[in-house]
Structure formats: structure tokens, C-alpha cells
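Student: Could you go through this one with me? I'd like to ask about a few residues and then about the empty space.

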Amino acid sequence: MLEFKNTSVRCAEGRLSSPFSLIVEPGEVVCVNGPAGSGKSRLLLAVMGLAPVEQGFITLDGELITSGAGFYFRRMMAYVPQELPRNPITVGDLFDMIVTGDQAQAKEAFLSELKVLGMDKAVLEKKLCDMADLDYRLLLLCVALVQRGPIVLIDDLPQVMQADRLVHSLASNGAEVIYTCRENKLNCQKTINL
């Protein structure tokens, strides 16, 4: 369970984000929305212990998230960044690098999710640098879904029905899902406005 208590982070222009308190339970979807520069991305980095919390604190199962403890906590998190790396590896290579555990079962579930999105097995051979941004983001959400991690952080979630379905599938598997966007058009249980 993630808990934010009077949490505020430093924004791009140096001011502090609006402080907020929130408890995120397993199976919940939370949207953090606000304009560019309001601290949304920085907040997700703080959840991973990669950026400082300027006021208040963030805990995971009662343990304080800090830069020193971040490595331990990040092992429980899946993160979809706002800026996607555009390198020449294939989707299949990315999958093999990220997914742990039973690879065969995970790959079958992954391919099943891709099929729902209208993609077939051939996408495994496609290079990440050649993918459309929306397809790349949806693909990363599918990877997070088959990983079944307890916490999923998504920076700048595409406001499309396919993303909404994947986010709610993650939550129905028990994940605590937090996503950012500038203007939310999807369904979520809780919204934080920065």
C-alpha cells in the first residue's frame, strides 16, 4: 500500500507542487493530472526513490521511500516513462530483458494481450525505434500486465480506450496503478490535481 502524506515535490521552475495526502490500495487506479511543469513526472520519480520529496513523505507498506531505499522498492514497480527510449532492439528482446519468471507462460499472455490490441506475433521482430509512440506505450503496458507487479507507474498515459482497458486489467490483478496526464478522460477511482 502506497501512502502519500502532505507530499510535495519540486517542479520544473523551482516552485513546490501542491501538497496532497492519499492512500493507494491494491486494485486501485489513481490519476495525477495537471498542466506541464506541475510536478507529475517528478512525483513518480519520488515514488521510485529517484527524486526527493520536498515536503511530507511517501511510504510503501509503512516503510519510508528514500533514495537509499529506492533500489529495494523499485523491484516491486513497473514504470512506463513519458520519454520512451528509441533504440534498435526488437520488441522480443525488450520482453526478454524485462520479464522474469516463467518466460513461456508470460510470452503467451503477452501475445494474447497484443492480439486484443490488433497486433500479431510479428511485432516481436519489430524494432522499438520504428514503432509509433502509441503502440510502444500500449506494448509497455502489456509487459507490465504480464509481469503482475504490485505497483505500476505510468507517466503520461495515452487517453485512449485501449490504455484504459489495460490499466483496469492491471488493477483487477491487484496492482496499485498511478498514472499521470494533463487532462484525464478515462475512468479512475481517485484523482489528484497538481
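Student: How exposed is Asn6, buried, partly exposed or exposed?

Tutor: Asn6 counts as partly exposed, at 43% relative accessibility, where buried means under 20% relative accessible area, exposed means over 50% and partly exposed lies in between, with a 1.4 Å probe and protein chains only. Before we go on, this is a predicted model, in which local features need pLDDT of at least 70 and side-chain atom pairs count only at pLDDT 80 or more, while totals for chains, interfaces and linings use all residues. Residues are numbered from 1 along each chain as its sequence is written, and side-chain values use heavy atoms, with hydrogens and water left out.

Student: Where is Asn6 found, and what is its phi near?

Tutor: Asn6 is found in strand E1, and its phi is near 50°, a positive value in a residue other than glycine. Helices (H or I, at least four residues) and strands (E, at least two) are DSSP runs numbered from the N terminus.

Student: Which residue with positive phi follows H5?

Tutor: That is Arg148, with phi near 55°; Arg148 lies in the loop between H5 and E7 and counts as exposed at 59% relative accessibility.

Student: OK, and H5 itself, how many of its residues are buried?

Tutor: H5 is mostly covered, with 11 of its 15 residues buried, including Tyr136, Arg137, Leu138 and Cys142. What covers those buried residues includes E6, H3, helix H4 (103–116), strand E7 (151–154) and helix H6 (161–172), contact here meaning heavy atoms within 4.5 Å.

Student: What span should H5 have at 1.5 Å a residue?

Tutor: Its 15 residues should span 21 Å, and the end C-alpha atoms are 21 Å apart, which agrees; the expected span is 1.5 Å times one less than the number of residues.

Student: Arg137 is buried and charged, so what does it pair with?

Tutor: Arg137, at 4% relative accessibility, forms a salt bridge with Asp133, the closest N and O atoms being 3.6 Å apart. By salt bridge I mean a side-chain nitrogen of Lys or Arg within 4 Å of a carboxyl oxygen of Asp or Glu. Asp133 and Arg137 are four residues apart in H5, and therefore separated by about one helical turn. Salt bridges that share partners join Arg86, Asp133 and Arg137 into one network.

Student: How many salt bridges does the structure hold, and which parts does the Arg10 and Glu54 pair tie together?

Tutor: The structure holds seven salt bridges. The side chains of Arg10 and Glu54 meet in one of them, at 3.4 Å, N to O; because Arg10 lies in the loop between strand E1 (2–8) and strand E2 (20–24), and Glu54 in the loop between helix H1 (40–47) and strand E4 (55–60), the pair ties together parts that are 44 residues apart in sequence.

Student: Now the empty space: what volume does the largest pocket have?

Tutor: About 460 Å³. A pocket is an open set of points on a 1 Å grid over the protein atoms alone, where a 1.4 Å probe fits, with protein on both sides within 12 Å along at least five of seven lines, and lining residues have an atom within 4 Å of a point. Of its 23 lining residues, the closest to the centre are Met77, Ala78, Tyr79, Val80 and Ile98.

Student: Which element supplies the largest share of that lining?

Tutor: H5 does, with five residues, while strand E6 (77–80), helix H3 (91–98) and H5 each supply at least two.

Key. Points joined across faces, edges and corners; volume = space filled by probe spheres on them.
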